[in-house]
Structure formats: structure tokens, C-alpha cells
Amino acid sequence: MRAIQYDQFGGYDVLKLTDVPAPVPEGGQALVKITLAGVNPLDDTVRRGKLPAAAVKPLPLRPGGFGVGVLIEPGASGLTAGGRVMLSGGRYGVGADGAWAEYMAVDPRHLVPVPDDVDDIAAAALSAGAGHLTAYLALTELAAFRPGQSVLAPGIGGAVGQGGADVARILGAEKAITTATTAAKAERGRAAGYDVIDLSAESLRDGVHRLTGGKGVDVVLDGVAGPLTGDALAALAVGGTLVSIGYAAGERAEINVTDLIWKDAHVRGFRFAQFTPEQINTADARLLDLLARKQMAPMVDRVFPLEQAAEAQRHLMEGSPFGRVLLAVRPEG
Ligand SMILES: NC(=O)c1ccc[n+]([C@@H]2O[C@H](COP(=O)([O-])OP(=O)(O)OC[C@H]3O[C@@H](n4cnc5c(N)ncnc54)[C@H](OP(=O)(O)O)[C@@H]3O)[C@@H](O)[C@H]2O)c1
């Protein structure tokens, strides 16, 4: 089968298209023929060798934590062969080979069926970057979010930003606020119906102040970090929670501790390892159902063919996309 893998850590150019034997499922594993795979910031972090060695499968490694495909062998999944499935959880592309390949052996706990009303592109856009899943788990399990509260999820062009804004609205947020770094992206976000602060024209603090009548937001879903985190903490309402999810703008942040002390603020870290496979599957099934009922529409920036995986990863990291970046693995089905 065709697969993208690397046998040394490094830049985009270590990603090679290879011809390798298809995996043989064992111990109840399912075999999935991948149709579309997501391209994610974590794939880039892993490939650059930034994770502790013990967390990563010995090389060679195939990236791709997220994808959709057709179930060839159900294994112990209890699902029907021939049905469409979405990867849900697991450490694929990190601790095990991922979805940038024509076939994948998958622990059956890490599969959810894709409803008939959801096409492959929509399911792949939902799963790529896991923005909606992350937001759902962060709001329902970590941040004690309640309907009527307000949420800030910066980065409408990114998975966590759009996922955060969508899920917050669906869960009953009074305000679901997001950001963009350029006027053009802010305009696209507003045209799609989002409350977007244009960071090229207004500070995060001023924007949140304006949109919440000075109260601040109850929850921040922070996938950006770097220079934004200090401002995001300052934008919290009294008793608010910042969930630290990612670091698209850098790993280091400077904060004013009075934003913690005087507001009785909470800061939580987010990691999928905090949740059981059942929690992750239940959340993904709910999100797929919302997708089937057209309650949200994860955006796609571009679909690359599998052989252009290196270019796709570069586009995600450096091309400032607006929406998800996907790989067409077997577009013919
Ligand atoms: N902990 C977890 O399990 C988990 C789960 C999901 C994601 N993550 C992490 O969360 C982070 C975001 O993921 P993603 O998939 O949403 O990434 P993404 O699709 O690459 O989006 C990154 C977003 O960050 C924004 N951004 C970058 N620099 C900025 C700055 N200086 N100021 C304001 N905004 C800035 C971009 O805004 P513009 O488009 O406006 O430039 C973009 O929307 C990544 O680090 C990812 O690895 C972690």
C-alpha cells in the first residue's frame, strides 16, 4: 500500500511516500481503508522530534491522528464491514502508525460510525485537528461551562478556534467569541456568522470588553498561547477558567498574576489522556449527530493528494489556512 512515513525526525522533507505492506490486524483490531486524513499541528510537533522519546513509536512512523475511511475487517468493533468510520481517540501518528496511509489497523475502541447524512469531507473536517472534540470535552468536562456563559476561542481559521466557537454556541453560550490576525480572515469569519475580534485592528482585551459589556468571558479555550495568553487571562470574568490547549503562537506566555488573584481565576491543561475512550467516543458520536443535523459546518481550506503530504503540512503551519487541511488518501473509495 502507499503510505507517508519518516525514518528520521526533521523538516517537512523527511516525509516520504513509500510502498509498504498493508498492516495485518491482530488482537481484535479493525482494518480500515482510509479515504481522507487530517493534517494537524501535532503531526508537525512529533515529526520535528519535540516529544519525549518514550511517547513516540520507534521510527519509521506514519503521521495522522485523524481520518475517515471504510471498515474492511471489523475486528472486535461490533460494527459492520463496509460501513464508514471515523477515527476517535488513540495515539495514532504518535504512539502508533497513523492515517496517512491506504490502510490502518485500529483498536476498535477508537472508531465511531459516520452517519449516512455526513459525507466523508465533513467527517474528515470535523476530525482534523480535533478542534470540536477538544472544545466539547474542555467545556463539558473541565471548565464547568453552563448555558448562558460566554466563551472565547481564539483563531477562527484554526481547528480549536472554529471548534470552540461552534461548540460553545451549540451548548448554549450567550457569547461565543473568536479572533483573527488579519482583517481579511476576520471578514471571512464574520461572513460565516461568527463574532470575530480583528486583532490587527483591536486588542483582545478591548474586543472582549466591547462584546461582553465589560464583564469578560467565563471560559477561554486557548490553542494559541504565546503573547495571547496574558491578554486572554486579562479578558476573563471573575471566577473564569482558561483551558490551555495548544501553543500555535509559542510555548511561553507572560501573565499578570493579579489576573489570577483578583479574579479567582482557574487555569486547566487539556490532554486527551484525561478522558476515557468511552468519553471520547460519546463526544465524537454527539458531534457527528450535530453535523448530520447541519448544526455546524467545519470549514475546509484545502485537500491535498496523499503524495503531497509534506506540502500539506507546510501549508497548515506556514500558509495561514482558513479551515482544515486534508489529505485525499483513496478518493475513489
Ligand atoms: N492538548 C490537545 O490535546 C490539543 C488538541 C487540539 C489542538 N491542540 C493544539 O492547539 C493548537 C491549535 O491547534 P489548531 O489545530 O487550531 O491549529 P491551527 O489550525 O494551525 O490554528 C492556529 C490558530 O492560531 C492562530 N494564531 C497563531 N498565531 C497567533 C497569534 N500570534 N495571535 C493570535 N492568533 C494566532 C491562527 O490565527 P489566524 O489564522 O488568524 O492567523 C490560527 O487560527 C496547536 O498547538 C495544537 O497542537 C492541542
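This report walks through a predicted model, from its annotated domain to its rings, empty spaces and a few backbone details.

## The annotated domain

Let us start with the record. UniProt lists residues 10–327 under "domain: Enoyl reductase (ER)", in an unreviewed entry. Over residues 10–327, helix makes up 30% of the chain and strand makes up 23%. The C-alpha atoms at the two ends of that stretch lie 20 Å apart.

## A cluster of phenylalanines

If you like ring geometry, this is a good place to look. A pair of aromatic rings is described by the distance of the centres and the angle of the planes. With centres required to lie within 6.5 Å, the count comes to 3 aromatic pairs. In one of them, the ring centres of Phe 270 and Phe 272 are 5.2 Å apart and the planes stand at 85 degrees, so this pair is edge-to-face. The ring centres of Phe 270 and Phe 275 are 5.3 Å apart, with planes at 40 degrees, so that pair is tilted. Together, Phe 270, Phe 272 and Phe 275 make up one aromatic cluster.

Which of these rings are buried? Phe 270 and Phe 275 both are. For Phe 270 the relative accessibility is 11%, so this residue falls under the 20% limit for buried. Phe 272 has a relative accessibility of 29% and therefore counts as partly exposed.

## The enclosed cavity

Next come the empty spaces. Rolling a probe the size of a water molecule over the atoms shows where empty space is left. The structure has 1 cavity of 30 Å³ or more, and the volume of the largest cavity is about 40 Å³.

What lines the largest cavity? The residues are Phe 66, Met 86, Leu 87, Ser 88, Gly 89, Leu 126, Ser 127, Ala 130, Leu 133 and Asp 284. Strand 5 (84–87) and helix 2 (120–127) are the elements that give two or more residues to this lining. Sorted by class, the lining of the largest cavity holds 6 nonpolar, 3 polar and 1 charged residues.

## The second largest pocket and Ala 225

The second largest pocket has a volume of about 160 Å³. Its lining counts 13 residues, and those closest to the centre of the pocket are Asp 222, Ala 225, Thr 229, Ser 244 and Ala 253. Helix 7 (227–234) and strand 12 (236–244) each contribute at least two residues to the lining of this pocket. By class, that lining has 8 nonpolar, 3 polar and 2 charged residues.

Ala 225, one of the residues closest to the pocket centre, also has a backbone detail worth a look. Its phi is positive, about 60 degrees, although Ala 225 is not a glycine. Ala 225 sits in the loop between strand 11 (217–222) and helix 7. With a relative accessibility of 8%, Ala 225 counts as buried.

## Backbone details in other loops

Ala 144 is another non-glycine residue with a positive phi, here about 50 degrees. Its place is the loop between helix 3 (131–142) and strand 8 (150–152). Is Ala 144 buried or exposed? At 54% relative accessibility, Ala 144 counts as exposed.

There is a cis peptide bond to find as well. The bond from Leu 59 to Pro 60 is cis, and its omega is near 5 degrees. Pro 60 lies in the loop between helix 1 (41–47) and strand 4 (67–73).

## The faces of helix 5

Helix 5 spans residues 183–191, and its buried residues are Lys 185, Ala 186 and Gly 189. Why do these residues line one face of the helix? Viewed down the axis of helix 5, the buried residues fall within an arc of 100 degrees, so they line one face. Ala 184 and Ala 191 are exposed on the other side of helix 5.

## Pro 305 in strand 14

Our last stop is a strand residue. Pro 305 belongs to strand 14 (residues 300–305). The relative accessible area of Pro 305 is 28%, so this residue is partly exposed. Glu 251 is 54 residues from Pro 305 along the chain, and the C-alpha atoms of the two are separated by 31 Å.

Conventions:
Residues numbered from 1 in each chain as written. Predicted model: local features only at pLDDT ≥ 70, side-chain atom pairs only at ≥ 80, totals over all residues. Heavy atoms only, no water. UniProt positions renumbered as here; feature names shortened; annotations may be inferred. Helix = DSSP H or I, 4+ residues; strand = E, 2+ residues; numbered from the N terminus. Phe/Tyr/Trp six-rings, centres within 6.5 Å; stacked < 30°, edge-to-face > 60°. Buried < 20%, exposed > 50% of the residue type's maximum accessible area, 1.4 Å probe, protein only. 1 Å grid on protein atoms, 1.4 Å probe; cavity = no way out; pocket = protein on both sides within 12 Å on 5 of 7 lines; lining within 4 Å. Points joined across faces, edges and corners; volume = space filled by probe spheres on them. Nonpolar A, V, L, I, M, F, W, Y, C, P; charged D, E, K, R; others polar. Arc of directions from axis to C-beta.
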